[in-house]
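Hi, here are my notes on the model you asked me to look over. I have kept them as numbered points so you can follow along in your viewer.

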Amino acid sequence: MSLSLLNRLRMEWAPSIPRELLAGAVATFALIPEVIAFSFVAGVDPSVGLFASFVISIVIAVFGGRPAMVSAAAGSVALVAAPLVASHGIQYLFAAGLLAGAMQIVFGLCRMGMLMRFVSSSVRTGFVNALAIMIFAAQLPHLQGANTATWAMLAAGLLIIYGLPWLGQRLQLKALLLIPSPLICVVLLTVVASMLGLPVATVADLGKLPDALPLFGLPEVPATLDTLRIIMLPALAIAMVGLLESVLTAAVVDEMTGTPSNKNRECTGLGLANMASSVFGGIAGCGMIGQAVGNVKYGGRGRLSTLFAGVFLLVLMVLLKPWVSQVPVMALVAIMVMVSASTFDWKSVGNLVRYPRLSSAVMLATVVITVFTHNLAAGVIAGVLLSGVFFTFKVAGMLQVRHEDDAATGTRTWYVSGQVFFASADALVEQFDVLAVAGRPVRIDVSGAHFWDITAIGALDKVVERLQQHGCTVELLGMNANSQRLIQRMKT
C-alpha cells in the first residue's frame, strides 16, 4: 500500500484519533435522549431506536459519502413510520425500512444526490434554523413540572459546558481544552446526583433500555403483493424524507468543515444502513444535524468519529447499562440545548433586513412550515417551491422589448432581450402594438433573447400571426441555434 494512499485513508478516517473518539462520545450522549424520544413518536420500544442508531452509525461510517456526519434513528422518519406501526405492527415497519433502503440505493446509483443543487442557500438556512428550534422544543417536556433540583442540574450542566472551555482558554489549561466539556458535564452531574441522592429524572426513567446485542432476522411479514401494497407508500416516504435530511445535513457539515462530500455515495450508504438496521430489529434513519454539528464542533473530522459514536452507544446501552441508567436527564438536556444553540444560524437574524426580501421570505417560510408541521420534508419542499416561484418572477421581469422606426422606409424594428418562457410569454405578446404598424413592414430582432419552451415559441407565433393579419410583412432576425432546434422539434 503506497504512502499517499495511507495518508489519504488516515485523513478520511482519523486525522486525530483522540479528537475523533472524544467527539464521537459527545455525539453519542447527544443521541440518547433524541433517539429514545423518537422511538416513542414512532410507537416502538427505545431499544428499536437505539439498535437502529448503532447499526446505522456503523454502516454509514464505512459506506457514507460525508466523513464526520452522524446518522441514526431520526424524528422525521419516526413521524412517517408511526401510522404504519399503529395500523400493521412493527414487523411491517421493518419491511418498509428494508424497501426504503433499497430505494435509496437506487436513488444513489441514479445520482439523485445532485438534486441538492436545487436547494437555495435561503432554504438551507431555514432548514438549519428550524431544526435548531425543534431540537430545543424537544427538551421542554423534560422541564414540565420540574423541581428545584432539576432546574439547578440544568443550570449546572450549561455552566460546565460553556464555562470550562472559557476557563481553559483563560488559564491555559490544556486538559480542559482537550476533553469536550459535554463529557465532563455528564460525568460530574451523574456523580453529584448519585452522591447527594437528588430527586431528578435519570435515563432509566425514559424507557426500557436494551440488555442484549441486536439479532439478525428478516421481517416476519407475508411475501405477498398485499404486503407490498401496504409498505410501498410508507417506504417511499421514508426514503425521500431520509435522503432529503441526510443530503441537507451533509451540506451543513460541508460548510462547517470546508470540505466536499459525495452526495450520491451518501444516498447509497444510507440505503445500505437502513437495510442493515431493518434486519437487525431497528427503525430506518437518516442524518442527524444536531449530533453532526456537535461532533464537528468538538473535533470530529473523519469516519472514526461516526463509527465510534455507534460503537460507544452500544457499549453504553448494553455493557454500561447500570451506569448509564443513573445519568441525569438534565445532563443530556443541557447537551441538546448547546447543540441547538450551535446549530442555529444567528447571523441569519441580522441578515433578514440586509438580504433581499424574497430570500428572507423563503428562509422564514421554511422555518415556519417545518416547525408547525414537524415535517422537515414539508418545510424544505415548500422553501424550494417558493424559491422557484420567486426566481421565475425575477427572470420573467428581465424581459425587455423596445422598438425603433426607420422614417425613410417606414419599417419598425422591435428588439427583444431576456428570457422568454411560460412566465414571460404573455408579457412578450403585450409589448407589440399591432394596430400602430398596420400595413407596414416589421422586423423582430430576437438576437438578445432565448426561447425556452413551447409556450415561448407559441407566444412568438401569436405575435407574428397578429402582425400578418394586420397587413404587415414580418422579418424575424437573430434566432439562436437552441431556439431554432426547439421550433424544429415542434414542427415534426
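1. One definition before we start: a residue counts as buried when its relative accessible area is under 20%, as exposed when that value is over 50%, and as partly exposed in between. By that cut-off A68, at 0% relative accessibility, is buried. Please keep in mind throughout that this is a predicted model.

2. While we are at A68, have a look at its backbone. Most residues other than glycine have a negative phi. A68 is not a glycine, yet its phi is positive, about 75 degrees. The residue belongs to the loop that runs between α3 (46–63) and β1 (71–72). I would simply note the buried position next to the phi value when you go through the loop.

3. Now the overall picture. The protein has 21 helices and 6 strands. Its C-alpha atoms fill a box of roughly 100 × 65 × 60 Å along the principal axes. Of the 492 residues, 52% count as buried. Among contacts with a separation of 6 or more, 84% join residues 24 or more positions apart.

4. Helix α7 covers residues 148–171, and its length checks out. With 24 residues at 1.5 Å a residue the helix should span 34 Å, and the end C-alpha atoms are 32 Å apart, which agrees. There is a kink of about 35 degrees at G163, shortly before the proline P165. At the N-terminal end, N147 acts as a cap: one of its side-chain oxygens is 3.3 Å from the backbone nitrogen of A149.

5. Which residues of α7 are buried? They include A149, T150, M153, L154, G157, I160, I161, L164 and G168. The spacing is worth reading with helix geometry in mind: an α-helix has 3.6 residues a turn, so residues three or four places apart point the same way.

6. Helix α10 (residues 225–257) can be given a similar check. Its 33 residues reach 46 Å from first C-alpha to last, close to the 48 Å expected at 1.5 Å a residue. The helix bends by about 40 degrees at I231, and the proline P234 follows within four residues. After α10 comes G258, with a positive phi near 70 degrees.

7. D254 sits in α10. Is this residue buried or exposed? At 12% relative accessibility D254 counts as buried, because the cut-off is 20%. Its side chain makes a polar contact of 2.6 Å with the side chain of R66. Leaving out residues up to four places away in sequence, D254 touches R66, T259, P260, S261 and K263.

8. Two serines make a nice pair to look at. S483 lies in helix α21 (residues 481–491) and is buried, with a relative accessible area of 0%. A polar atom of the S483 side chain is 3.2 Å from the backbone nitrogen of F451. Apart from neighbours within four places in sequence, S483 is in contact with H450, F451 and I457.

9. The other serine, S87, is in helix α4 (residues 75–88) and is partly exposed at 48% relative accessibility. Its side chain has a polar atom 2.9 Å from the backbone oxygen of P83, and the backbone oxygen of L84 lies 3.3 Å from a polar atom of that side chain. S87 and I230 are 143 residues apart in sequence, but their C-alpha atoms are 9.9 Å apart in space.

10. How many disulfides does the whole structure contain? A search finds 0. For C110, the closest cysteine sulfur is that of C267, and at 10 Å it is too far for a bond, because a disulfide needs the sulfur atoms within 2.5 Å. C110 is exposed, with a relative accessible area of 53%, whereas C185 is buried, at 0%.

11. Last, the strands. β3 (residues 400–406) and β4 (residues 411–420) pair in the antiparallel sense over 7 bridges. H403 stands opposite W414 in β4. The two strands form a hairpin with 4 residues between them, and G410 in the turn has a positive phi of about 75 degrees.

Notes. Residues are numbered from 1 along each chain as its sequence is written. This is a predicted model: local features need pLDDT of at least 70, side-chain atom pairs count only at pLDDT 80 or more; totals for chains, interfaces and linings use all residues. Side-chain values use heavy atoms; hydrogens and water are left out. Buried means under 20% relative accessible area, exposed over 50%, partly exposed in between (1.4 Å probe, protein chains only). A polar contact is a pair of N or O atoms within 3.5 Å; within protein, one must be able to donate a hydrogen and the other to accept it, and residues adjacent in sequence count only if both atoms are side-chain atoms. Contact means heavy atoms within 4.5 Å. The expected span of a helix is 1.5 Å times one less than its number of residues. The bend at a residue is the angle between axes fitted to the seven residues ending there and the seven starting there. Two strands pair if DSSP finds at least two bridges between them.
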